[in-house]
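Here is a friendly briefing to read alongside the model. Have the sequence and the 3D view open, and follow the topics in any order you like.

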Amino acid sequence: MTSSIEITHINAPDEVSFERLVEILLAAFAFQDDIVDPPSSAKSVSVSELQWRFARDTLFVARDGNGNIIGQIWIEDVGKDAYLYKLSVDPEVKGSGIGKVLVEAACAFARDRGKQYMRLSVRIELEDNIGFFKSRGFAIAGEGVHDGYDRTTFWKMARDLRQI
């Protein structure tokens, strides 16, 4: 299926439906509801939040052969590195390689801008997500704790962009 997928770097807010991005995020993260603690911040994502993030960060979307948005990935510039977040694919096409293509596009974008590492956070409970990112060249680089918790709640992962 990925052969008919188009990955687009969105340059202007009128090139994308923020409502559709929210819809994909909510659907893609819904499976985590009874798994992660604390609950994912994606549960409260809104159009205005994504519009704010768009003004600050970089957005890539995946579109199917009909031009419909079916995935997204966001990149924050964090100095010498980049931070990947809100990778989400419409659950109806999950498992078809769209996430891999989005991650590779984000990493190439960051590398081309001289970033050394692509960083991200993944909840410790989400073993499939951890495995996915490991398969994309990420390694666990540390642990993190959400405010109010006394245990590790997420892994910090990193991929060396100088190796691609």
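What follows covers the largest pocket, the aromatic contacts, the charges over rings and the salt bridges.

Please keep in mind that this is a predicted model. Its largest pocket has a volume of about 1100 Å³. By the pairing rule used here, there are six aromatic pairs, and a search of the whole structure gives 15 salt bridges.

**The largest pocket**

- The lining of this pocket is made up of 40 residues, and those closest to its centre are F29, Q32, L87, N129 and F133.
- Which elements give two or more residues to the lining of the largest pocket? They are the helices α1 (18–29), α2 (47–56), α3 (98–112) and α4 (127–135), together with the strands β4 (81–89) and β5 (117–123).
- Strand β4 supplies the largest share of the lining, with seven residues.
- By residue class, the lining of the largest pocket holds 19 nonpolar, eleven polar and ten charged residues.

**Aromatic pairs**

- Take F60 and F109 to begin with: their ring centres are 5.3 Å apart and their planes meet at 75°, so this pair is edge-to-face.
- F60 belongs to strand β2 (residues 58–63) and F109 to helix α3, so the pair ties together parts that are 49 residues apart in sequence.
- Are F60 and F109 buried or exposed? Both of these residues are buried.
- F132 and F133 make another edge-to-face pair, because their planes are at 75°, over the cut-off of 60 degrees. Their ring centres lie 5.0 Å apart.
- The two partners fall into separate burial classes: F132 counts as partly exposed at 22% relative accessibility, while F133 is buried with a relative accessible area of 8%. F133 will be familiar from the pocket, as one of the residues closest to its centre.
- W74, Y83 and Y85 come together as one aromatic cluster.

**Charges over rings**

- F109 has a charged neighbour as well as its aromatic partner: the charged end of R113 sits over the ring of F109, 3.6 Å from its centre.
- R119 lies over the face of Y117, and here the distance to the ring centre is 5.0 Å.

**Salt bridges**

- Side chains of opposite charge can pair when their charged atoms come close. A few of the salt bridges in this model are picked out below.
- E49 and K86 meet through their side chains in a salt bridge, at 3.9 Å from N to O. The pair links distant parts of the chain, with E49 in helix α2 and K86 in strand β4, 37 residues apart.
- K86 counts as buried, at 11% relative accessibility.
- R56 and D57 form a salt bridge at 2.7 Å, N to O. Of these two, R56 counts as partly exposed at 39% relative accessibility, whereas D57 counts as buried at 9%.
- R111 and D112 are joined by a salt bridge whose closest N and O atoms are 2.9 Å apart. D112 is exposed at 54% relative accessibility, and R111 is partly exposed at 30%.
- Which residues do salt bridges with shared partners join into one network? They are R20, E23 and D90.

Terms used. Residues numbered from 1 in each chain as written. Predicted model: local features only at pLDDT ≥ 70, side-chain atom pairs only at ≥ 80, totals over all residues. Heavy atoms only, no water. 1 Å grid on protein atoms, 1.4 Å probe; cavity = no way out; pocket = protein on both sides within 12 Å on 5 of 7 lines; lining within 4 Å. Points joined across faces, edges and corners; volume = space filled by probe spheres on them. Helix = DSSP H or I, 4+ residues; strand = E, 2+ residues; numbered from the N terminus. Nonpolar A, V, L, I, M, F, W, Y, C, P; charged D, E, K, R; others polar. Phe/Tyr/Trp six-rings, centres within 6.5 Å; stacked < 30°, edge-to-face > 60°. Buried < 20%, exposed > 50% of the residue type's maximum accessible area, 1.4 Å probe, protein only. Lys NZ or Arg CZ within 6 Å of the ring centre and 35° of its normal. Salt bridge = Lys/Arg side-chain N within 4 Å of Asp/Glu carboxyl O.
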